[in-house]
Amino acid sequence: MNVNGVPTRTIWPAADGLGVEIIDQTRLPHDLVVVRLDTVEHAERAIRDMWVRGAPLIGVTAAYGMALAVLADASDDHLDAAYRRLAAARPTAVNLRWALDEMRALLQPLPAAGRRAAAYARAAAMAEEDVAANADLGRHGLTLLESSWAKRQAAGASRLNILTHCNAGWLATVDWGTALAPIYQAEKAGIPLHVWVDETRPRNQGASLTACELNWQGIAHTVIVDNAGGHLMQHGLVDLVIVGSDRTTATGDVCNKIGTYLKALAAKDNGVPFYVALPGSTVDWGIEDGLASIPIEQRDPAEVTHITGRSADGVILVVQLTPDGSPAVNYGFDVTPARLVTRLITERGVCAASRDGLLSLYPEKRSHV
Ligand code: MRU
């Protein structure tokens, strides 16, 4: 996508072909800073400390992390250690494990001397596959937005109101995004849009990243506190909800940023369609029950008790919100049961959030479930 008119991605190989460059997302929305990763330790830190985040981007960064590991030492032992180090960086998004498994399956059978070139080539291909999948997913999602808009227009509406949670835009992927990809396609198609952006405490990926993306693209939006969505839906101010996913089970349960479940409940109660956009690499074909099987990341409680922002004189500050001595807990994700999901939007098309729905698009996975 464009940033101030310049086509930009979230991750790319450095000009020397050895390191990898990323946008440090902890510095947005106030500063656009590019950081170079040179080692597998850098890649792990970038994922763990959320310089990069979002399930698809975590996966591609981990793939480049394996390439950086092989660059330093292409032995089996080092490859295994790199796999374990990167896999432990964040537990919930299955794209991380998917990407690491792909890299290990490719590299393990190769002689050490052939691993470096193969690793960089596969990581780069994975980045391109992510871009292509999200572009396709955006086009499939557009059909849903077109039919919603046709109904709203017939009812006299002047714009389509969409609510999204967290950041599932291009900053969460290599390019295009998942939940925001249909929105970008709809904007191009001339549908008048307005996006309600959940702030998404505690790390504020909505207020800082989704709002930033929509500003860059010139799409009308309004940031709301996380608790406002239900009220807006009760008053007919939300036509549909689209979110992304960190892991979707083979039966269509969706794990996504904490707070997603509450939006799905409110959407169900108010008859608002609740769509989830995800590439196939986000489906964990090995599990069925999301609540029982998906590991939910718990992060530092300081992300709840403190907040970062820019003062009036331009200084980035961290301030404490809670009293000294009050404990806090910081769950990163929750699970929305398939029964609350209206449709899944994937790079292969739109389907019901169910085993049959997913298998209709991914028939080759029939033997896995
Ligand atoms: O903790 P984050 O910022 O990595 O969480 C990101 C999300 O929950 C996104 O909605 C999800 O990864 C889908 S991204 C296309």
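In this predicted model, Pro202 is placed in the loop that runs between β7 (193-198) and α7 (205-217). The peptide bond leading from Arg201 into Pro202 is cis, and its omega is near 10°. A second bond of this kind concerns Pro29, a residue of the loop between β4 (20-23) and β5 (34-37). Here Leu28 and Pro29 are joined by a cis peptide bond with an omega of about 10°.

A further backbone feature appears at Cys166, in the loop between β6 (160-164) and α6 (180-188). Although Cys166 is not a glycine, its phi is positive, at about 65°. These features deserve mention because most residues other than glycine have a negative phi, and most peptide bonds are trans.

From the loops, the reader may turn to the ligand. The shell around the ligand receives residues from both domain 1 (2-128) and domain 2 (136-368), and the ligand therefore lies between these two domains. The ligand has 19 residues around it, and those that come nearest are Ala55, Arg90, Asp246, Asn256 and Lys257. In character, the shell is made up of seven nonpolar, eight polar and four charged residues.

Several polar atoms of the protein approach oxygen atoms of the ligand. In the side chain of Asn256, an N or O atom is 2.6 Å from a ligand oxygen. Arg90 also takes part through its side chain, a polar atom of which lies 2.8 Å from an oxygen atom of the ligand. Gly54, by contrast, contributes a polar backbone atom, and the distance from this atom to an oxygen of the ligand is 2.9 Å.

How much of the area that the ligand exposes when taken alone does the protein bury? Taken alone, the ligand exposes 420 Å², and the protein buries 100% of that area. The space that the ligand takes is the largest cavity. Two elements, α2 (55-72) and β11 (254-257), are those that give two or more residues to the shell around the ligand.

Notes: Residues are numbered from 1 along each chain as its sequence is written. This is a predicted model: local features need pLDDT of at least 70, side-chain atom pairs count only at pLDDT 80 or more; totals for chains, interfaces and linings use all residues. Side-chain values use heavy atoms; hydrogens and water are left out. A residue is near a molecule or strand if one of its heavy atoms lies within 4 Å of it. A polar contact is a pair of N or O atoms within 3.5 Å; within protein, one must be able to donate a hydrogen and the other to accept it, and residues adjacent in sequence count only if both atoms are side-chain atoms. Accessible areas come from the Shrake-Rupley method with a 1.4 Å probe; for residues, only the protein chains shown count as cover. On a 1 Å grid over the protein atoms alone, a cavity is a set of points where a 1.4 Å probe fits but cannot get out, and a pocket is an open set with protein on both sides within 12 Å along at least five of seven lines; lining residues have an atom within 4 Å of a point. A molecule sits in a cavity or pocket if more than half of its atoms lie within 2 Å of its grid points. Helices (H or I, at least four residues) and strands (E, at least two) are DSSP runs, numbered from the N terminus. Ala, Val, Leu, Ile, Met, Phe, Trp, Tyr, Cys and Pro count as nonpolar, Asp, Glu, Lys and Arg as charged, and the others, Gly among them, as polar. Domain bounds come from an automatic or database domain assignment.
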